[in-house]
Amino acid sequence: MRLVTYLHDGRRRAGAIVDGRVLDVERALVTAGRDSIGTAPTMRALLDVYGADLDAVASAIAGVPTGSAADVGPLDGIALGPVVTDPEKVLCIGLNYGDHVAETGRALPEYPDVFTKFPGTLIGANDAIGGLDVTDRLDFEGELAIVIGREARNVSADDAASVIAGVSILNDITARDLQYRGTQWVVGKSVDGTTPVGPDLVTLDEVGDVQALDISTRVNGVVKQRSNTRHMIFPVAEIIAYLTRTITLRPGDIIATGTPDGIGAKRTPPEWLRGGDVVEVELQNVGTLRSVVAQ
């Protein structure tokens with residue numbers, strides 16, 4: 001199943017993609033005879049209730065007909081927000097591909113290098129990337145993102161898949177000059193309105209092995225990053241096990257799993273994003289996150 005957050009009458013609602021159209025999940029569940037999940041539910045609200053059993057949601061709405069009250073319209077005509085607009089946490093893993101570590105000149109990490117973003121940095125697939133008003137060194141980082149489906153504490157690597165709602169794509173846009181001012185990365189990584197995540201959340205049955213996915217980043221059609229998630233230093237399951245030893249993960253939390261080499265800052269000469277640039281991150285079996293940098 002593929003889920004989205006869509007904009008309707010100024011409100012963000014959870015939707016499901018069925019045959020190229022968006023169905024409002026709450027209305028579809030009501031049409032299918034299931035309980036409502038509340039007024040104008042966000043993706044986080046949906047995951048709070050059904051995150052551990054999205055198969056039941058998929059089964060319930062599979063027979064909802066086109067043209068019903070749940071039918072919002074064709075996907076290509078609908079404005080999308082970040083897959084989760086209000087996560088409690090956005091946790092990011094830095095330096096998680098060996099080639100990216102090499103281009104930075106750092107030593108391989110012994111443990112996952114964790115930093116955070118804030119919900120205010122997240123934007124949808126239809127939104128323009130901001131940041132040029134505060135930096136002239138705006139950089140790209142294409143990443144696989146994990147969305148948590150149920151509360152998780154002390155989860156083993158073997159059980160990690162059971163807490164994942166699905167996979168999405170995140171572009172960890174970074175203000176490099178702000179990042180490098182100190183030893184902490186939060187300011188450079190959390191500029192308001194700079195982190196596209198989406199366009200949809202794809203459940204694991206459609207994604208397959210999260211450690212065998214091709215990933216690439218293009219700027220204005222030119223490939224800048226190309227790798228496969230098998231090259232992660234810390235696989236997704238190990239990341240979840242490591243985080244949940246000390247942090248309780250909750251439905252809707254997002255984990256960005258790191259970027260491969262090829263970032264703009266480490267090119268010769270450095271390549272910074274400019275207004276009007278088109279940045280695309282493509283993840284096998286998931287899709288393409290296409291964003292434009294605001295002028």
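# A chat about turns, a helix and a core

Biologist: Which residue takes a positive phi in the hairpin of S16 and S17?

Modeller: In this predicted model, the hairpin of S16 and S17 has three residues between the strands, and Asn285 takes a positive phi there, near 70 degrees.

Biologist: How many bridges join S16 to S17?

Modeller: Six bridges join S16 to strand S17, which covers residues 287–292, and the two strands run antiparallel. Within that pairing, Glu280 has Arg290 of S17 as its bridge partner, while Leu283 stands opposite Gly287 in S17.

Biologist: And what is the order of the strands in the open sheet there?

Modeller: The order is S14-S13-S16-S17, four strands in an open sheet with antiparallel pairing. Strand S14 (222–228) and S17 are the edge strands, since each of them pairs on one side only. From one strand to the next, the twist averages 10 degrees.

Biologist: Back to positive phi, then. Which residue in the loop between S5 and H4 has one, although it is not a glycine?

Modeller: That is Leu95, with a positive phi of about 55 degrees, and its loop lies between strand S5 (90–94) and helix H4 (98–104). Most residues other than glycine have a negative phi, and most peptide bonds are trans, which is the background for looking at such places. Asn154 also has a positive phi of about 55 degrees without being a glycine, and Asn154 lies in the loop between strand S9 (142–148) and S10.

Biologist: Are those two buried or exposed?

Modeller: Leu95 has 8% relative accessibility, so this residue counts as buried, whereas Asn154, at 55% relative accessibility, counts as exposed.

Biologist: What does Asn154 touch, leaving out residues up to four places away in sequence?

Modeller: With those neighbours left out, Asn154 touches Thr244 and Arg245. As for Ala107, the C-alpha atoms of Asn154 and Ala107 are 28 Å apart in space, and the two residues are 47 apart in sequence.

Biologist: You mentioned peptide bonds. Where are the cis ones you can show me?

Modeller: One cis peptide bond joins Gly198 and Pro199, with omega about 0 degrees, and Pro199 lies in strand S12, residues 195–202. Another runs from Thr268 to Pro269, where omega is near -5 degrees; Pro269 has its place in the loop between strand S15 (254–256) and strand S16 (278–283).

Biologist: New topic: which residues of helix H3 are buried?

Modeller: Helix H3 covers residues 54–61, and its buried residues are Leu54, Ala56, Val57, Ala60 and Ile61. Seen down the axis of H3, these residues fall within an arc of 150 degrees, so they line one face of the helix. The face turned away from that buried side carries the exposed residues Asp55 and Ser59.

Biologist: What covers the buried residues of H3?

Modeller: The covering elements include three strands from the early part of the chain, namely S1 (2–8), S2 (11–18) and S3 (21–24), together with helix H1 (25–31), helix H2 (43–50) and strand S10 (164–171). To take one of the buried residues, Val57 touches Met1, Val25, Leu29 and Tyr50, not counting residues up to four places away in sequence.

Biologist: How many residues does the largest nonpolar core have?

Modeller: The largest nonpolar core has 35 residues, and those with the most contacts inside it are Leu3, Val25, Leu54, Val57, Ile61, Val147 and Ile254. There is also a second, separate core of 31 residues, which includes Ala152, Ala160, Val202 and Val236. In soluble globular proteins, nonpolar side chains tend to be buried together.

Biologist: Last one: how many aromatic pairs are found in the whole structure?

Modeller: A search of the whole structure finds two aromatic pairs. In one of them, the rings of Tyr111 and Tyr242 have their centres 6.3 Å apart and their planes at 25 degrees, so this pair is stacked. The pair links distant parts of the chain, 131 residues apart, with Tyr111 in the loop between H4 and strand S6 (113–117) and Tyr242 in helix H8, residues 236–244.

Biologist: And how exposed are those two tyrosines?

Modeller: Tyr111 is exposed, with a relative accessible area of 55%, while Tyr242 has 28% relative accessibility and so counts as partly exposed.

Technical notes: Residues numbered from 1 in each chain as written. Predicted model: local features only at pLDDT ≥ 70, side-chain atom pairs only at ≥ 80, totals over all residues. Heavy atoms only, no water. Buried < 20%, exposed > 50% of the residue type's maximum accessible area, 1.4 Å probe, protein only. Arc of directions from axis to C-beta. Contact = heavy atoms within 4.5 Å. Core = buried A, V, L, I, M, F, W, Y, C linked by side-chain atoms within 4.5 Å. Pairing = 2+ DSSP bridges. Axes fitted to C-alpha atoms, helices over the stretch in contact; angles between N-to-C directions. Phe/Tyr/Trp six-rings, centres within 6.5 Å; stacked < 30°, edge-to-face > 60°.
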